[in-house]
Amino acid sequence: MSIEVRDLTRRFGPVTALDAVDLTVPTGSFVALLGPSGSGKTTLLRTIGGLEFPDTGTILIGGRDMSAVPARQRNIGFVFQHYALFRHMTVFENVAFGLRVRPRPHRPTGAEITRRVRELLALVRIPELERRYPDQISGGQRQRVALARALAIEPTVLLLDEPFGALDAKVREELRIWLRSLHDRLRLTTLFVTHDQAEAFALADRVAVMASGRIEAFGAPEDIRGARDNVLVTDFLAR
Amino acid sequence: MIGATQEPGWVRGALIVAAIAVLSVFLLLPLMVVFAEALRRGWDVARDAITDPDALAAIRLTLLVAAIVVPINTICGTAAAWAIAKFDFPGRATIVALIELPFSVSPVIAGLVFILLFGAHGWFGAWLQAHDIQIVFALPGLVLATLFVTFPFVARELIPLMQEQGRDEEEAAITLGASGWQVFRRVTLPNIRWALLSGVLLCNARAMGEFGAVSVVSGHVRGETNTMPLHIEILYNEYQIAGAFAVAALLALLALVTLAVKGILEAHTQRRSPPA
């Protein structure tokens with residue numbers, strides 16, 4: 001489903017984190033939200049996810065206004081920067097969580113949950129880790145668990161906050177390629193936050209460049225690189 | 001390489017011996033003295049002192065007060081810690097300071113506050129008398145005083161831990177569709193259970209052992225408003241040394257049992273968790 005952000009503003013005291021942001025993420029696309037730290041990109045992502053609240057403006061997902069929909073009912077897959085895995089649960093239970101907390105009429109049976117979790121762990125290529133705990137696996141593996149957990153709820157869109165930020169260069173490169181191929185297979189609308197230009201340009205169909213709470217440029221990677229007319233964008237890209 | 005853990009052997013040895021000596025003299029020895037004194041004049045004297053009707057009433061009252069206070073403070077302490085650690089709101093620092101208040105105020109003053117509020121000449125005294133409600137020199141007063149004194153234990157154990165653990169896991173649970181209660185039950189509670197248990201046990205130990213605040217609001221009516229610590233004081237003042245120590249030994253035993261329960265529970269879960 002598509003994500004449409006319209007005229008979104010959010011202030012934290014004197015700081016304007018989001019300044020009348022408009023953004024459209026078309027269905028099935030893979031969009032990067034690129035910007036320096038403090039540019040408001042994480043706030044935007046969290047607001048779409050329902051974890052922050054805008055002062056004004058609307059968010060539509062699949063055409064539906066999300067203003068009155070709490071985070072738990074948005075059915076959005078969210079992958080946190082530091083994974084936020086449940087430390088007291090096994091990998092299996094982490095992935096199963098979203099299914100187990102469903103209201104009883106919609107909750108799959110135990111056997112169904114097992115089947116789905118194994119399927120997801122196979123999809124993220126860590127089937128052998130299901131009985132491990134988060135502190136017993138590597139950073140890259142945790143990232144895969146976090147992704148499998150987010151996918152378990154069959155989300156309408158996927159939001160990733162600096163998905164590779166905490167990984168070393170080699171694992172990062174591997175995961176990037178893998179994530180892109182996964183997206184090509186699932187075609188799930190994906191919006192990810194990054195401060196790494198190379199990552200944004202290599203991965204995304206479209207890149208939104210953010211600075212000081214505004215989206216300064218939005219388009220295909222080659223267009224953004226070509227568009228040197230915006231001073232802020234040029235500034236940021238020159239770094 | 002010379003580091004903090006690379007002290008010469010004799011220094012380490014001396015420090016260990018010193019630590020054991022201090023622990024023995026200040027912690028172990030008094031505890032042993034209590035039990036030795038309790039049994040000095042034989043089992044029968046000790047048993048009689050404990051099965052005396054006034055002593056039994058004191059034991060019952062102590063357990064009753066703890067049974068009321070500990071659950072209330074567990075729930076309120078957890079709620080306070082949850083609110084402080086997981087939400088941003090104005091006045092958080094003030095609330096943290098307020099939670100610490102019972103630790104910084106003398107228990108006697110805490111007791112006096114309740115007398116000033118609910119005593120016969122207190123702010124609400126006339127109204128309470130008119131409605132025939134007795135708070136001070138009765139069970140409600142004992143419960144209130146103990147609640148006040150033992151409030152910080154649970155919250156103080158939890159706040160630093162919950163702050164350190166942050167909100168990430170809770171937020172992840174919410175995006176996965178969990179309700180507020182499910183988040184608490186399935187994510188927050190398992191992460192804090194050991195600190196919570198430790199806080200509850202400390203709260204319980206103090207609730208049973210509290211003397212100062214309870215002494216002020218109790219009125220010392222034998223067989224009615226005397227808790228175990230107060231009963232021990234009365235026996236001691238009446239030169240019934242063996243009896244006093246017998247009840248004291250029982251009180252100490254209750255504390256030791258709580259500690260043992262904690263140890264067993266911890267050992268049990270460690271066995272259940274997987275090999276690293």
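Trainee: Which are the buried residues of α8(B)?

Mentor: Happy to start there, keeping in mind that this is a predicted model. What covers the buried residues of α8(B) includes α3, α4, α7 and α10 of chain B. The buried residues themselves are Pro152(B), Phe153(B), Val154(B), Ala155(B), Glu157(B), Leu158(B), Ile159(B) and Met162(B).

Trainee: How many Å apart are the end C-alpha atoms of helix α8 of chain B, and what should the helix span?

Mentor: This helix covers residues 152-165, which is 14 residues. The expected span takes 1.5 Å times one less than the number of residues. That gives an expected 20 Å, and it agrees with the separation of the end C-alpha atoms, 20 Å.

Trainee: Where does α8(B) bend?

Mentor: Look along the helix for a proline: Pro160(B) follows the bend within four residues. The angle is about 25 degrees. Just after the helix, Gly166(B) takes a positive phi of about 70 degrees. The bend itself is at Ile159(B).

Trainee: Moving on to the chain contacts, which helix gives the most to the side of chain B that touches chain A?

Mentor: In this contact, 17 residues of chain B meet 20 residues of chain A. Two helices of chain B, α9 (168-175) and α10 (180-209), each supply at least two residues of that side. By class, the side of chain B has nine nonpolar, five polar and three charged residues. The helix that gives the most, with seven residues, is α9(B).

Trainee: Which helix of chain A gives the most to the largest nonpolar core?

Mentor: That core has 75 residues, and those touching the most other members include Ala148(A), Leu159(A) and Ala208(A). The helix that gives the most supplies seven residues and runs over 139-152, so look for α4 of chain A.

Trainee: Which residues does Ala208(A) touch, not counting those up to four places away in sequence?

Mentor: Ala208(A) is among the core members that touch the most others. Leaving out residues up to four places away in sequence, its contacts are Leu23(A), Val31(A), Leu33(A), Leu34(A), Ile215(A) and Phe218(A).

Trainee: Last one: is Glu222(A) buried or exposed?

Mentor: Glu222(A) sits in helix α7 of chain A, residues 221-226. Its C-alpha atom is separated by 9.9 Å from that of Asp205(A), 17 residues apart along the chain. A residue counts as exposed with 12 or fewer other C-beta atoms within 10 Å. Glu222(A) has 10 C-beta neighbours inside 10 Å, so the residue is exposed.

How values were computed: Residues are numbered from 1 along each chain as its sequence is written. Chains are lettered from A and ligands numbered from 1 in the order in which they are written. This is a predicted model: local features need pLDDT of at least 70, side-chain atom pairs count only at pLDDT 80 or more; totals for chains, interfaces and linings use all residues. A nonpolar core is a set of buried Ala, Val, Leu, Ile, Met, Phe, Trp, Tyr and Cys residues joined through C-beta atoms within 7 Å. A residue is buried if 20 or more other C-beta atoms lie within 10 Å of its own, exposed if 12 or fewer, and partly exposed in between; C-beta atoms are placed from the backbone. Two residues are in contact if their C-beta atoms, placed from the backbone, lie within 7 Å. Ala, Val, Leu, Ile, Met, Phe, Trp, Tyr, Cys and Pro count as nonpolar, Asp, Glu, Lys and Arg as charged, and the others, Gly among them, as polar. The bend at a residue is the angle between axes fitted to the seven residues ending there and the seven starting there.
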